[in-house]
Amino acid sequence: MNRFFLGFVALLVLGQPLLPEFTVTLLNYIGLYALVALGLVLLTGIGGLTSFGQAAFVGVGAYATAYLTTVHGVSPWGTLIVGMAVTTGISLFLGFITLRLSGHFLPLGTIAWGISLYFLFGNLEPLGGHTGVAGIPPINLFGIELKSGRTLYYLIWAVLLSAIVTTQHMLDSREGRAMRSLRSATMSEAMGINTTWYKMVIFMMAAQFACVSGWMYAHLQRFVNPTPFGLHIGIEYLFMAVVGGVANVWGAVLGATLVTLLKQWLQDWLPALLGKAGNFEVVVFGLMMIYVLHRAREGLWPILLRLIPQKRQGRVIEAAEPLPRRSMPEAGSIVLDVQKVTKRFGGLVANNNMSLHVKAGEILALIGPNGAGKSTMFNCISGVNPPTQGEIRFLGDRVEGTESREIARRGMSRTFQHVRLNATMSVLENVAIGAHLRGHKNFIQSAWRMDRTEERRILGEAARQLERCGLSEHLNDTAGSLALGKQRLVEIARALCADPCLLLLDEPAAGLRHLEKQALADLLRKLRAEGMAILLVEHDMDFVMGLADRVTVMEFGEFLAEGPPEEVQRNPKVLEAYLGGVE
Amino acid sequence: MDFQIHLLLIQDGVTNGAIYALLSLALVLVFAVTRVIFIPQGEFVAYGALTLAAIQAGKAPPTVWFLVALGAAAAGADIWQAVRESRGSRIPAILGINLGLPLALAGILQVAPLATLPLVVQVILTLLVVVPLGPMIYRLAYQPVAEATVLLLLIVSVAVHLALLGLGLFFFGAEGTRTPSFTDGSLSIGPATFQYQSLWIIGITVLLIVGLFAFFERTLYGKALRATAINRTGAKLMGISTDMAGKLSFALAALVGAFSGVLVSPVTTIYYDTGFLMGLKGFVGAIIGGLASYPIASLGAVMVGLLESYSSFWASAYKEVIVFTLIIPVLVWRSLTTHHVEEEEH
């Protein structure tokens, strides 16, 4: 916990009695709005999703408590649980029907949900229709009735700050790393991350924050009607997150503060200035939002942060017990067996009747001219793109059509031809993603820091693999700052972090310098000696021929030749494919 | 419920459905070409209807001054770009198109006896005011971030919607208006009675759809838009300007929106914020078509219209809830039949 945070908390607690009533009220609303915006930071900044329906979730929390406390006399703490349960149900359902589709279906779905709920609240007689529900009792906390805004102030800010802290904790964990890599879905799935599930978790958390905010809102106002839960308020919440900055949890607080103050001010001045009554502040909000999205996509928080000098401290790797390892298949046994695989994309046949196999403790190189279908083959094997026909056996089991995260679980790991790293995350964190399946703590445990032993073991493993790949000095650099060749090595470290028994490497030596290539070759030999099976695609023939035990050659998606390197190099068909035939 | 009522509800549903179909076509078009989910589509409906109403009341519509202002801003942005690219010779053309023409139009609207002009001329003037807003908004709000993610473009759309909504209130006030029918009266065939305005709406919708189809199939610009929709980079390499394609698709969307407003304002009172819900109903149609298929989108939109008219008969308070819930089964079905992992955008 840093000094700024503690100072902020002290200011909030000690400063309150000195503040005038109006400022306390304003701070209460800022706190309530920031909690909703925090959910949107998670959803938009971390998950690459968004929702316009957060105001409707606020409405669920508010109406649940309004109805149950006034009509059925339930305690506010009971209604909180009911509200959260309803919110969970709704968010699971909305997530289920939209999250497997392209990214824009969730926001569109939430627009429909936001509008429907608004009209539903306004028309249901038991909920008071458009006039709403009055006479909501105050919350009773350990015998103290939180009747005034001044007392509820403490609850609102305590909830908001603990939401911020737990969110920060969660993001800095195995679960958080999985969430932060959701935008790179193919890579995440290949590392064993169930992307749909994590999107669902994020959406659910955002909805819960909104619901709790609504619950407190109802007990602050002691009255609810449908107006504050409409679609346009939902858009305003998104506006807060975008203006504050969706990449950081504090962006939510900044955005909520700025928008609340600005709205207050504009609602006073604009009608007077224009000589008409109306919500003209939305024009300013709209234009501001466009400006921010054009000029400062990360929002205003990073700009504010630049004004304060920061000292960057790298993460120190603490000693921890190594993670358990998987038992390797017996040396010489067949790990991967591809039989007669055909892959068609519409009319294009990318792989035709292609076969190959790899044994434990062996390096097989798959070579062929550009466009021969090598990367397609990789995608078939690793489950990214299942083959149209044919059989793929991994450790004896058929895996064609199996999801790539399940194949990863069984011990296959891979790198990508076009590097897929999270450029803004540190090298260490990127590599730790590889160990995703070797940890088991869930997002609630990590939010409350009950995952620290496991986390130390995972980061220790990541650091160990980075050292093996010769990247120890780059541990705390952001992945995007590395040269391309080194980024490829980071991918290899990440793949190794999964403790695989079969490693698929797509052009690992491209962009490496001579000495780096030698180091890589040494590493691969060492892995082979440990019993790992390695399948690699590579164009650098010196590298391949000095390293591989066997070579399989592809051309035009078909099998051309197979054998030990020296034999393949003399094969007339291979020479023709690479150098052109003599007409 | 007798046959007469059914007939009435179906007529009502198909009439509104035709408008939603037009809007959904524009939404699919804009999304395909620019990846923009065009939430502000509905504002063009309101601007179209209310601009026509102002002209018919004999007043110069306030939207023309908005056009001049947006034109000035667009000209500013274009000139800045031209100067940076050292192509100063383009400045007169930029000024002429973005500022000269709107000012000329504003002048005409000041002096012309607007209220007494024939309806056709009033409609043309309305379209001349509202349609250019489309490409100008594209230029100012979307073009600078044209390569961003769908998500970011969607948030921009919401922001544009907010701004246009507030401006709509400023321009037209909170009162709604209705414009006179193109042709008064109704046509009776046997037991059925058809409002002439409904026939106008359905007829013009069909004509516009045929027109759009011909545009995409027969003209070079239409083919350029289709090429951009299929592959932006490929289209760029073939010399198709994606900026042009974006502006053109926004112009078409604005045309469809404004014209829908002109068509619908004799049968429904239009307020400054009516367009938003209409646009969203077009969206429901577009989502039914997966934001990709024109024919399914228009059929879906007609379905929305029918569902709306029947639910307003049986449960009018829950009309909107029922209509927007329609997308749930569609999303469930799409979700269960899709098997791909969403690929990242760069």
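I took helices (H or I, at least four residues) and strands (E, at least two) as DSSP runs, numbered from the N terminus.

**Entry 1: ground rules**

I am working with a predicted model, in which local features need pLDDT of at least 70 and side-chain atom pairs count only at pLDDT 80 or more, while totals for chains, interfaces and linings use all residues. Residues are numbered from 1 along each chain as its sequence is written, chains are lettered from A and ligands numbered from 1 in the order in which they are written, and side-chain values use heavy atoms, with hydrogens and water left out.

**Entry 2: chain B by itself**

I looked up the secondary structure of chain B and found 15 helices and 2 strands. Its C-alpha atoms fill a box of roughly 70 × 60 × 35 Å along the principal axes. Next came the radius of gyration, taken over C-alpha atoms and set against a globule rule of 2.2 Å times the number of residues to the power 0.38. Chain B has 21 Å, which agrees with the value near 20 Å that a compact globule of 346 residues would have.

**Entry 3: where chain B meets chain A**

I counted contacts (heavy atoms within 4.5 Å). On that basis 51 residues of chain B touch 53 residues of chain A. For buried area I used the accessible area (1.4 Å probe) that two parts lose on being put together, summed over both. Between chain B and chain A this comes to about 4400 Å², with 77% from carbon and sulfur atoms.

Which helices of chain B each supply at least two residues of the side that touches chain A? I noted helix 6 (133-142), helix 7 (150-172), helix 12 (274-288), helix 14 (319-325) and helix 15 (327-337). Helix 7 of chain B gives the largest share, 18 residues. I also sorted this side of chain B by residue class (Ala, Val, Leu, Ile, Met, Phe, Trp, Tyr, Cys and Pro nonpolar; Asp, Glu, Lys and Arg charged; the others, Gly among them, polar). The split is 40 nonpolar, 6 polar and 5 charged.

How many salt bridges cross the interface of chain B and chain A? With a salt bridge defined as a side-chain nitrogen of Lys or Arg within 4 Å of a carboxyl oxygen of Asp or Glu, I get 0.

**Entry 4: domains 2 and 3 of chain A**

The domain bounds come from an automatic or database domain assignment. For chain A I read domain 1 (21-241), domain 2 (331-411 + 500-583) and domain 3 (423-498). The C-alpha centres of domain 2 and domain 3 of chain A lie 26 Å apart, and their contact takes 18 residues from domain 2 and 11 residues from domain 3. Together these two domains bury about 1200 Å², 69% of it on carbon and sulfur atoms.

I found 1 salt bridge between domain 2 and domain 3 of chain A. A:Glu530 pairs with A:Arg468 in a salt bridge, with the closest N and O atoms 2.7 Å apart.

**Entry 5: salt bridges across the sequence**

Over all chains I count 35 salt bridges. One of them joins A:Asp172 and A:Arg452, whose closest N and O atoms are 4.0 Å apart. A:Asp172 sits in the loop between helix 6 (149-171) and helix 7 (174-180) of chain A and A:Arg452 in helix 18 (residues 452-468), so this pair ties together parts 280 residues apart in sequence.

I also looked at A:Glu189, which forms a salt bridge with A:Arg405 at 2.8 Å between the closest N and O atoms. Here A:Glu189 in helix 8 (residues 185-190) of chain A is linked to A:Arg405 in helix 15 of chain A, 216 residues apart.
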